[in-house]
Amino acid sequence: MALTPTQRAEARSIATELSAIARRAEVLPGSITSRVTHCGRPGCRCMADPPRPHGPYWQWTRKVAAKTVGRWLTPEEAADYQPWVANDRRLRELLARLEAIGTAAVEADPRSTRRRASREPRHQP
Ligand SMILES: [Zn+2]
């Protein structure tokens, strides 16, 4: 179960980046999106030609217990917290790369090659 020198080097680089993000602790799950609206009142600017819609309104949404939860943000908050959402995405990418290294290590383990096709683990003597 030895990692290759390349895998070790990649893991070190991942650890450095993970640590830098964790130290800042500026991590936010979910996404921040903006939307504009048209109220539809006759004569409103949103119904003019060309239309000038209301907004943009900024919303942070995330999943909590499999349900989407939203919170409105000011434009300043949206700008401040966008990088936090990007950090969260980066953390997930880095974890996925670590998992890929682990998966490659198992796949390369000579002890498991003979069992790869079998559905059940071999019985230990
Ligand atoms: Zn309107």
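In the predicted model, Ala-65 is located in the loop between β2 and β3. This residue has a positive phi of about 50° although it is not a glycine. Ala-65 counts as exposed, because 5 C-beta neighbours lie inside 10 Å and the limit for an exposed residue is 12 or fewer. The loop belongs to a hairpin formed by β2 and β3, with two residues between the strands.

The protein as a whole contains three helices and three strands, which follow the pattern α-β-β-β-α-α along the sequence. Of the 125 residues in the protein, 2% are buried. Among contacts with a separation of 6 or more, 52% are accounted for by residues 24 or more positions apart.

The three strands form an open sheet in the order β1-β2-β3, and their pairing is antiparallel. Strands β1 (31-37) and β3 (67-73) are the edge strands, each pairing on one side only. From one strand to the next, the twist averages 35°. The antiparallel pairing of β1 and β2 extends over six bridges, and within this pair of strands Ser-31 stands opposite Thr-61 in β2. Strand β2 (residues 54-64) is also paired with β3 in the antiparallel sense, here over seven bridges. In that pairing, Gln-59 is placed opposite Trp-72 in β3. Helix α2 (residues 75-108) packs on the sheet and touches β1, β2 and β3. The direction of α2 makes about 145° with that of β1.

The packing of the helices was examined next. Two packed helices are described by the angle between their axes and the distance between the axes. For helix α1 (residues 5-24) and α2, the axes come within 10 Å and cross at roughly 155°. Angles over 145 degrees count as roughly antiparallel, and α1 and α2 are therefore roughly antiparallel to each other. The crossing in which α1 passes α2 is left-handed. On the α1 side, the contact involves Gln-7, Glu-10, Ala-11, Ile-14, Glu-17, Leu-18 and Ile-21. These residues meet Asn-87, Arg-90, Leu-91, Leu-94, Arg-97, Leu-98, Ile-101 and Ala-104 in α2. By residue class, the contact of α1 with α2 comprises nine nonpolar, two polar and four charged residues.

Several backbone features were also identified. Most residues other than glycine have a negative phi, and most peptide bonds are trans. Ala-25, a residue other than glycine, has a positive phi near 55°. Its position is in the loop between α1 and β1. Ala-25 is exposed, because 8 other C-beta atoms lie within 10 Å, and 12 or fewer satisfies the criterion for exposure. Ala-65, with its positive phi of about 50°, is likewise exposed.

Cis peptide bonds occur at two prolines, Pro-50 and Pro-56. The bond from Asp-49 to Pro-50 has omega near 5°, and Pro-50 lies in the loop between β1 and β2. The cis bond that joins Gly-55 and Pro-56 has an omega of about 10°. Pro-56 is situated in strand β2, the strand that pairs with β1 over six bridges and with β3 over seven.

Definitions and conventions: Residues are numbered from 1 along each chain as its sequence is written. This is a predicted model: local features need pLDDT of at least 70, side-chain atom pairs count only at pLDDT 80 or more; totals for chains, interfaces and linings use all residues. Helices (H or I, at least four residues) and strands (E, at least two) are DSSP runs, numbered from the N terminus. A residue is buried if 20 or more other C-beta atoms lie within 10 Å of its own, exposed if 12 or fewer, and partly exposed in between; C-beta atoms are placed from the backbone. Two residues are in contact if their C-beta atoms, placed from the backbone, lie within 7 Å. Two strands pair if DSSP finds at least two bridges between them. Axes are lines fitted to C-alpha atoms, for helices over the stretch in contact, and angles run from 0 to 180 degrees between N-to-C directions. Angles under 35 degrees count as roughly parallel, over 145 as roughly antiparallel, 65 to 115 as roughly perpendicular and the rest as oblique. A crossing is left-handed if the near helix is turned anticlockwise from the far one by less than a right angle, and right-handed if clockwise. Ala, Val, Leu, Ile, Met, Phe, Trp, Tyr, Cys and Pro count as nonpolar, Asp, Glu, Lys and Arg as charged, and the others, Gly among them, as polar.
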